[in-house]
Amino acid sequence: MTNYRYYTGSLFVRELERLKEEYIQLDLDEMKVMMKEDIILLEKAMDILYRNKVY
């Protein structure tokens with residue numbers, strides 16, 4: 001089985017950097033909507049990672 005932890009981690013870092021740049025350019029209402037969407041996506045990603053964790 002292949003270990004994807006490093007690859008997945010680097011994807012999260014890149015995604016967080018992208019989100020940070022986008023948040024800087026948004027007004028407050030847009031940011032609230034985007035943050036709600038991002039929280040849902042992060043919850044789904046964490047669930048996927050948890051289910052695929054090697055014990």
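**Reading charges and contacts in a two-helix model**

Mentor: Let us start with D47, which has a relative accessible area of 37% and is therefore partly exposed. Please keep in mind throughout that the model is predicted, and that what we discuss is computed from it.

Trainee: With which residue does D47 form a salt bridge, and how far apart are the closest N and O atoms?

Mentor: A salt bridge is read from a distance, the cut-off being 4 Å between a side-chain nitrogen of Lys or Arg and a carboxyl oxygen of Asp or Glu. Here the partner of D47 is R51, and their closest N and O atoms are 2.8 Å apart. R51 has a relative accessible area of 58%, so this arginine counts as exposed.

Trainee: Where do R51 and D47 lie, and how many residues apart are they?

Mentor: The general idea is that an α-helix has 3.6 residues a turn, so residues three or four places apart point the same way. In this case R51 and D47 both belong to helix α2, residues 28-51, and are four residues apart, which is about one turn of the helix.

Trainee: How many salt bridges does the structure hold?

Mentor: There are two, and the other one joins the side chains of E15 and R18 at 2.3 Å, N to O. E15 and R18 both sit in helix α1, residues 5-24, with a spacing of three residues, again about one turn. As for their surroundings, E15 is partly exposed because its relative accessibility is 31%, and R18, at 35%, is partly exposed as well.

Trainee: What is the nearest side chain of opposite charge to D38, and how far away is it?

Mentor: One should read burial and pairing separately, since a charged residue can be buried without a partner, and D38 in helix α2 is such a case: it is buried yet has no salt bridge. The nearest side chain of opposite charge to D38 is R18, at 5.2 Å, and that separation is not a salt bridge because the cut-off is 4 Å.

Trainee: Which residues does D38 touch, once those up to four places away in sequence are not counted?

Mentor: They are L19 and Y23. Y23 is found in helix α1 and, leaving aside its neighbours within four places in sequence, is in contact with M31, M34, M35 and D38. The C-alpha atoms of Y23 and M35, which are 12 residues apart along the chain, are separated by 8.8 Å.

Trainee: Is F12 buried or exposed, or does its value fall in between?

Mentor: F12, in helix α1, has a relative accessibility of 23% and so counts as partly exposed. Not counting residues up to four places away in sequence, F12 touches L42, A45 and L49; for the pair F12 and L42, 30 residues apart along the chain, the C-alpha atoms are 9.3 Å from each other.

Trainee: How many residues does α2 have, and what happens at its start?

Mentor: To read a helix's length, compare its span with the one expected at 1.5 Å a residue: α2 has 24 residues and reaches 34 Å from its first C-alpha to its last, close to the expected 34 Å. At the start of α2, a side-chain oxygen of D27 comes to within 3.3 Å of the backbone nitrogen of D29.

Trainee: What share of the residues is buried?

Mentor: Of the 55 residues in the protein, 9% are buried. The protein exposes about 5300 Å², of which carbon and sulfur atoms supply 63%.

Definitions and conventions: Residues numbered from 1 in each chain as written. Predicted model: local features only at pLDDT ≥ 70, side-chain atom pairs only at ≥ 80, totals over all residues. Heavy atoms only, no water. Buried < 20%, exposed > 50% of the residue type's maximum accessible area, 1.4 Å probe, protein only. Lys, Arg positive; Asp, Glu negative; His and termini not counted. Contact = heavy atoms within 4.5 Å. Areas by Shrake-Rupley, 256 points an atom, 1.4 Å probe, with all protein chains shown as cover. Expected span 1.5 Å × (residues − 1). Polar contact = N/O pair within 3.5 Å; in protein donor to acceptor, adjacent residues only side chain to side chain.
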